[in-house]
Structures are given as C-alpha cells and as structure tokens.
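Colleague: I would like to go through this model with you, one region at a time. Please settle the vocabulary before we begin.

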Number of protein chains: 2
Amino acid sequence: MQGFQHPSFYEPQRRNVQRVDHSKGRETVKMIALNIGILKQKKWLAASAAGLFLFFLLLTFPSAPSSYTSGTSTSTSGSSRADNAVEISTKKISYDKTTPPTVGCESIVIAQQQLLISEYTKILKDIRYVNIWGYLETENKGDAAIWVAQQILLNMLGITTMEVCRYVDRDCDIEKFAGALKEHEHSAIVIAGGGNTNDFYWDDVPSRFKMMAKFPDVPVRSFPQSIYFTKPDKLNQTLTNYGAHPDLQLCARDRPSFDFLEEHFKPQGIDTRLTPDIAFMFGDRHDIRLNTPKKWDILILARDDWEVTKGAESELKEGEGTLTLPTGRTVTYKKIDWKKIPTGGINDEGHKELGKNQRAYAKAMDGFALLASSRFVITDRLHGHIMTTVLGVPHVLLDSKLKKNLNYHGTWTEECGCVRVVDDMGEAMGMAGMFFEVAENRA
Amino acid sequence: MQGFQHPSFYEPQRRNVQRVDHSKGRETVKMIALNIGILKQKKWLAASAAGLFLFFLLLTFPSAPSSYTSGTSTSTSGSSRADNAVEISTKKISYDKTTPPTVGCESIVIAQQQLLISEYTKILKDIRYVNIWGYLETENKGDAAIWVAQQILLNMLGITTMEVCRYVDRDCDIEKFAGALKEHEHSAIVIAGGGNTNDFYWDDVPSRFKMMAKFPDVPVRSFPQSIYFTKPDKLNQTLTNYGAHPDLQLCARDRPSFDFLEEHFKPQGIDTRLTPDIAFMFGDRHDIRLNTPKKWDILILARDDWEVTKGAESELKEGEGTLTLPTGRTVTYKKIDWKKIPTGGINDEGHKELGKNQRAYAKAMDGFALLASSRFVITDRLHGHIMTTVLGVPHVLLDSKLKKNLNYHGTWTEECGCVRVVDDMGEAMGMAGMFFEVAENRA
C-alpha cells in the first residue's frame, strides 16, 4: 500500500476583518428589534421564531459584541478608518477567547439536522427495512444519544429496524439476523455511527470484516463516523476487507475523516460521504434547556480514560462542591464522567425496562438533563459538545487525544456562539470566570 | 347542556403600517447581504443557513416587496412622511393579493416542528409504549403523511408503537391490543390526529366512546385534531362519553378548535392543548423541492367530495393539459385529487409491501413528489397546504366547507411567504398569472 499518511487536522483560522459604518449598524439593530416586535404579534410562534431570529443575529454578527466592548479587533485592510466606523470581524466566534460563550446555536443545529435528512434520503433510497451492526449498551450517554438519533433518522425515512448485532459469533442470533434480511425486499445493513473506526480500539472494525464477508449480497451503509488510522498494516487489512464488499457506502462525520476516506477507501470502490454527527437528529431542543431547573453553575463532563489530553487533566475530583474562579467568584460545580452515572427508572427490581430503544432514550435524556441543569459546561467529550449545542447551553470544549472533538468542531460548529475552544483547564476556568461576570448569567 | 355555540372562526386581520427610514432600510439589506457572504464561507452549511436567513428576511419584512414595487400600502398614522421614508406594512403577507407567493417558509415550519416536540415531551412524559387508535389506510396522501409524522414524533420521544386499531369490534384484535398495554408499564393509547372529530363524519368519534369505556385505566392522549360540532345532541353525547374517562387529554390543531375544547370539553375535566398539525414533524424538507425535477407549471390539488366550497369549484376536469392564465400566458397543468392516485411500488404482484409504516411512507412521499414536481400549487386540501409549506413551494389556498383550512392557516401559517389565500378559482388563476410574470418562476 502506497501513499499512506496520517490524516491532517484542522487549525483554527482567523479571517480578515471587514469594516461597516457604525451609525448604519446601530440602525440595523434597531430595525431588527422592530422586526422581533412584529414576530411577537404572532403569539403562538413568537418564542421559537424570535429565538431563532436572535440566533441569526448572533450568527451573522459573530464578533460584533467583542468589537464594541473590548476593542481587540484589528483592521488588516489598508484603507483609512472613518470616524463613525466600527469593525466587524468575520473570524469564527468560537475561537474568540476575549468573550464568553452565549446561549443558543439553533440555526446551525437545524442546518445539520436537515443535511442529515437530505443526505440519508439519498443514501437509503428504496430501503425500507434495516438490520443495524454495532449495537452496544453502555452507560455512556453519548452512545445512547447516537442510538436514539439513528432510530429518529430511520423513522423519518419510513424505515423499520429489524435485528441488531455487534459480533457474528457473540451475543447475536446471526441466523435470525440473516433471515430478517431475506424476508424483506428493500433491506440493508447499516453500521452504527460513532468514533470506533480506528486502529486503537481494534474491535468493531474486524467484527465488520466478518459481517461483510457473510453478507456480500446485502447493501451495507453506515451512519456517520470518525475515521482514524495510524498503523499501516491495520489500515491495509481494513481496505482489503471493506473493499471486498460489492455494495458498501461509508460516511464520515468530520472533514479530516472524510478526506481520509476519499484518499484511501474511495479507490477501493467504496462510496464515501460527509455528514454531521447523527446526534443532531435530535434537532433544536432549547425547550429542554428552558424547562430544566438549574442545579449547579458549572458541569465538568470529563473523560476518564486514555483519550484524555494533557490539557484536559485536572486536580479536581469527581463529585460536587464549590470552586473559586480566577475572577475571585465562588461557584457551585459538579464533575462527572457520564459513562459512570447510572440511569434511573430503567433497572428497578421487578420493573426492569427491556426495550433497547426505551433504555437508550432514558440514558440520552439523563445526559441532556445533566447538561441542562448547568449554567455553564466544560467538556472534552465530543457528545458533551454536541448535546450541549443541541440544548444551546454555553460551554467550552477541550480536544481529546484522537483529535475528534476539534475535527468535528472545525467542520460543523465553529460558528456556534454557545461554544468556545480552550487549550486547557486553566483557560476553561478563565472562560467560566468571564461568563459569570456577565450579570444575567449569575442568576 | 347550556351555552352551546358554533365555533367562531378567524378573519384575516389587516394591521397598521409602520414607517421606517428608507436610506437605513437599504443599508440593512446591504448588511444582510454582507452577512450572507460570511455565511457562505462556511461551505457545508451555507445552503441551508443562507436559505433560512433569506427566509427570515421575508418573514420580518413581510410586505416590503409590495411597498417598493406596487405602492399600494397606505399610512394610517397621522404623522407626516419624510422624503426618504418608505412604509413597511406589518399585515400578514399571505393575505396580500397584490403580490404572488414566493419560495420557502422554513422558519415557521421549523418553529411548528419544535413546538410539537416540546409539547408532546410534556404530554407523553413517562410513556414508553403506545397503542394507536384510529389507524386507517387510504390513498389520501395527507392521511399517509399524518401516519408517518405520528411515528416520527413517537420515535423522537423514544416511544414504540405496539398495536393499532380503529374499531373495537371490526378489523381489530382487541384482546391483543389490551394485552400489549397490560404487558408494558408506561403505556398509553393515543388517538390519531386529523380532521375526524366532528359530527358530520359520525364514525371515529363514537368508536372512541367504546374504546374509552373499555380502557378506563389506561391514559388516553390525542394527536392534534380539528374539532367541529354543529349538532347539540352529538356534542352532548361526546362530552358525556369523553368526560367519563378519568385520564384523557385532547389536542387541537387550530385556535377555533382549541377555543371550542376549552369551552366545552375542559369543564368535563379533560386536559386540552393546542399544537400545530402533526405533519410538521417532517420538518423543513426544502431538499425534496430542490431535488425533484419540475413536470408541470401548476398542480391543482382539489377535493372531490362534499367538503368542496362553492369558490373552489371549477370547470377544469382532472387530468393534464395546458391552460391560459388571465395574463394571456399559457402554462401546463395537472389537476388531481390525490386520494384517487394509486401509489407505485407497494402493490406489485408477488411483491406487495405489507408494512403499515412502509406503505404510509411510500404514499406520503408520492404526495410530496406530486407537489414538488410543480412550480405552483392551487389547493383546497389542508394537507395540500401543509405539505406544500413543508416543501416551500409557492401556492394558493382555498378554504374547505368545514373551514379547517383557514382556521389552520390563521393560527399558524399566515406569515408564510409561500402561500396566498384566495376566495375562488378565478383569484387562484389570477395569482398564478402574477406568479409566472416574475421571470425566475417561468423556467
């Protein structure tokens, strides 16, 4: 195999700033306020529509607040500056370390959901029944959200899930699995989405080799995945086995993963796609944020495994308490890794919930509830970031060792005002400090 | 029973116009153009986000185009008009007969979908399994869309559908139906949504009496419905039977229906809600509009039953052909009632599709395809209006005899730029004429 290279990763990009007339800018804000007034006359839609509209304001004037208040933007154009002009920077708001994150990112959430629907309408065209490959139940609320979101998308496309397995030879009635596919025309196997297509966790990838060898006549599709290989022999083995299936389509959830698929998998005759993470099928759930009472100021949702980066490490023990921010303000916090938090209501003696979808839904909702109970979230989990964005809760994001967090963020969510990227826990606490200095965030 | 009254209906409301400074208005448009430019730098989200943003422009400046081009707006304020001022009317764009409908209504579609999700999160709290009451399969593409949309919402909430029936004593294994409810804690019966809660079609309502009498211990919920009673004895009978169930919740899909529930059903101890029509669970599907080749200029989707109003009647026979608009332009058209159009691919000999969800999905998608194949739609079907709005196809809406179309439109969609309300087929053709005079709509 030739031409093997490590995948390349995104670097934050700073864009040139552009100048607009200050007085006209103020007029614009005034007119937008007028328009929100008009919207509010539509009593039943006012809350949602005005919320969306306000978000557009944030989206389309990404750094206006910092330009007005901190004066840190600098002009890179050579032209002279008019007396009444301010500068509106077009750099991505989530890299701005001079302002704290704000509430909501509805339009980018909705755009990702729509893209998932429109892309999978094509990917799963004429498919009416599927078996899913890669089912697993853990306490990880992100895994649960992925499972539920897969079901939401399939149902959106009128598709019924029949059988689910993870291994050909373990915890799986493979004959029943095969029988369901045979019984239904218009059926396919869909590989679960997530972060397991890599050569570190060498478990799900080889299990797919066996599945594909066993079902050469069944179309195999995939939900969006991160792709990460560093070992040429394992990549080679994967390309050989995947390439042997005559009707395989793979879907990446971030640009570096997609580029890697294009470079290595596409030449094997494999159809490759790029879509957002499946969890965006939850769509805009600002209602959960609004309907959940706040229990603590800061939630620290932190990996506790080998994927933790140096920067994300912290002396803070898991649990609840108070901490003092760099500004001197004392806040309440809770620190967890949500894969260790048992989900209530589904394991009670004599009342154990048996439904796979029901169990996953309860866990995903527990995850959303944890995030929505917080005024501010610090996380190095990708689905901490994604689910917090679905809710619109202000948060900061640290990368993980496989770089999947910033690869995702750099592809899809870097224009979200509700997130800031930080390099380490010190910066995270600094950002939290700034956040709680804004009066409305303290209550 | 006292205080019985016919429900009241919405009348189009004309609002006062407000004045803004012309020069500032232009500056706003310029800035918005700049911002769209910024959005487009985000390659992967640009199409969706810019589309949404453009829609906001339409939404928040509802009659700006007519003010600029036709000069028909008049000021009702007593103040003098500045030289550089234009008037921006805040009347609802869809009643404006001086301008044709435009493409798209994404933000109102999305806001309705979000409201359905947030309301049913509360209505179906702690419910994990449901039986549905009121299943029927017809060729009506609107009924099929309702069925699919119900499944989308239930799956969004992690809920599995077990059994479905319409009558206790016909086409229903009522013991199996009862057994499924008994087998699962956290279960409920949900009555299907739609337009059948009235005393004209006296079929589904009395069938619910029997169901509720048989399951007094099971929570009964409903998907959104139109409510329309004119016969005091039948209303009385309904109130008595519905009121006898100890845990019933009803949901109206338009304001007059909700007001009627509040007045008559709520005093019986029945919980009452107002939400948009369930079909908005499809969300924004502008992708279907964009991906469907256009086959004719005008689709006339017309009821062919007793619900047709005088104004919606027409000499035009069902079928395809050409017609000449009042402007003299000749266009191609197709006229149908989609409950008579057989859906392809699900009834082929030896390959009949048996899945309820699959059959409904195929029919709903056939409905969307009919609408999306058209440059302009004329309809007096409520789900003609709703599904065309989901796609964002420009259209005109006529009322139906039970007034459910304009009741719905007046509650939720009157600010959609993609629809105009007309009184009869003559006005519909006039609106089509105006539409095809806009150069970009002819191709």
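Modeller: A residue is called buried under 20% relative accessible area, exposed over 50% and partly exposed in between, using a 1.4 Å probe and protein chains only. The model is predicted, so local features need pLDDT of at least 70 and side-chain atom pairs pLDDT 80 or more, while totals for chains, interfaces and linings use all residues. Residues count from 1 along each chain as its sequence is written, chains are lettered from A and ligands numbered from 1 in written order, and side-chain values use heavy atoms, without hydrogens and water.

Colleague: Good. Let us start with V438(B): is it buried or exposed?

Modeller: Neither, since V438(B) has a relative accessibility of 33% and therefore counts as partly exposed.

Colleague: And where is the place of V438(B) in the chain?

Modeller: V438(B) lies in the segment after α14 (425-437) of chain B. Helices here are DSSP runs of H or I with at least four residues, strands are runs of E with at least two, and both are numbered from the N terminus.

Colleague: What separation do the C-alpha atoms of V438(B) and P100(B) show?

Modeller: Those C-alpha atoms are 8.7 Å apart, although V438(B) and P100(B) are 338 residues apart along the chain.

Colleague: Staying in chain B, where is K334(B) found?

Modeller: K334(B) belongs to strand β13 (residues 330-336) of chain B. With a relative accessibility of 15%, K334(B) is counted as buried, because that value is under the 20% limit.

Colleague: A lysine, then. Which residues does K334(B) touch?

Modeller: Leaving aside residues up to four places away in sequence, K334(B) touches W296(B), I298(B), L299(B), I300(B), G319(B), E320(B) and L370(B). Contact means heavy atoms within 4.5 Å.

Colleague: Now an overview of chain A. How many helices and strands does its secondary structure have?

Modeller: Chain A has 14 helices and 16 strands. Of its 443 residues, 62% are buried.

Colleague: What share of the contacts in chain A join residues at least 24 apart?

Modeller: That share is 78%, taken among contacts between residues at least 6 apart in sequence.

Colleague: Then I should like to see one helix closely. How many residues of α9(A) are buried?

Modeller: Helix α9 of chain A, residues 255-265, is mostly covered, with 8 of its 11 residues buried.

Colleague: Which ones are they?

Modeller: The buried residues of α9(A) are R255(A), P256(A), S257(A), F258(A), F260(A), L261(A), H264(A) and F265(A).

Colleague: And what covers the buried residues of α9(A)?

Modeller: The cover includes three strands of chain A, β8 (225-228), β9 (249-252) and β10 (271-274), together with helices α8 (232-243) and α13 (404-413) of that chain.

Colleague: Take α8(A) from that list. At what angle do the axes of α8(A) and α9(A) cross?

Modeller: They cross at roughly 70 degrees and come within 11 Å. Axes are lines fitted to C-alpha atoms, for helices over the stretch in contact, and angles run from 0 to 180 degrees between N-to-C directions. The helices α8(A) and α9(A) are therefore roughly perpendicular to each other; under 35 degrees would be roughly parallel, over 145 roughly antiparallel, 65 to 115 is roughly perpendicular and the rest is oblique.

Colleague: Which residues meet there, between α8(A) and α9(A)?

Modeller: From α8(A) come L235(A), T238(A), L239(A) and Y242(A), and they meet F260(A), H264(A) and F265(A) of α9(A). These three residues of α9(A) also appear among its buried ones.

Colleague: Next pair: how do α11 and α12 of chain A pack?

Modeller: Helix α11 (residues 356-372) and helix α12 (residues 382-391) of chain A pack at about 70 degrees, with their axes 10 Å apart. That angle makes α11(A) roughly perpendicular to α12(A).

Colleague: Which residues of α11(A) and α12(A) meet?

Modeller: On the α11(A) side they are A364(A), G367(A), F368(A), L371(A) and A372(A). Their partners in α12(A) are G384(A), M387(A), T388(A), V390(A) and L391(A).

Colleague: A last topic, the backbone. What is the phi of H186(A)?

Modeller: H186(A) has a positive phi of about 55 degrees, although the residue is not a glycine. It sits in the loop between α6 (174-183) and β5 (187-191) of chain A. Its relative accessible area is 32%, so H186(A) is partly exposed.

Colleague: And in chain B, where is H186(B) found, and what is its phi?

Modeller: H186(B) lies in the loop between α6 (174-183) and β5 (187-191) of chain B, and its phi is positive at about 55 degrees, again without being a glycine. H186(B) is partly exposed, with a relative accessible area of 32%.
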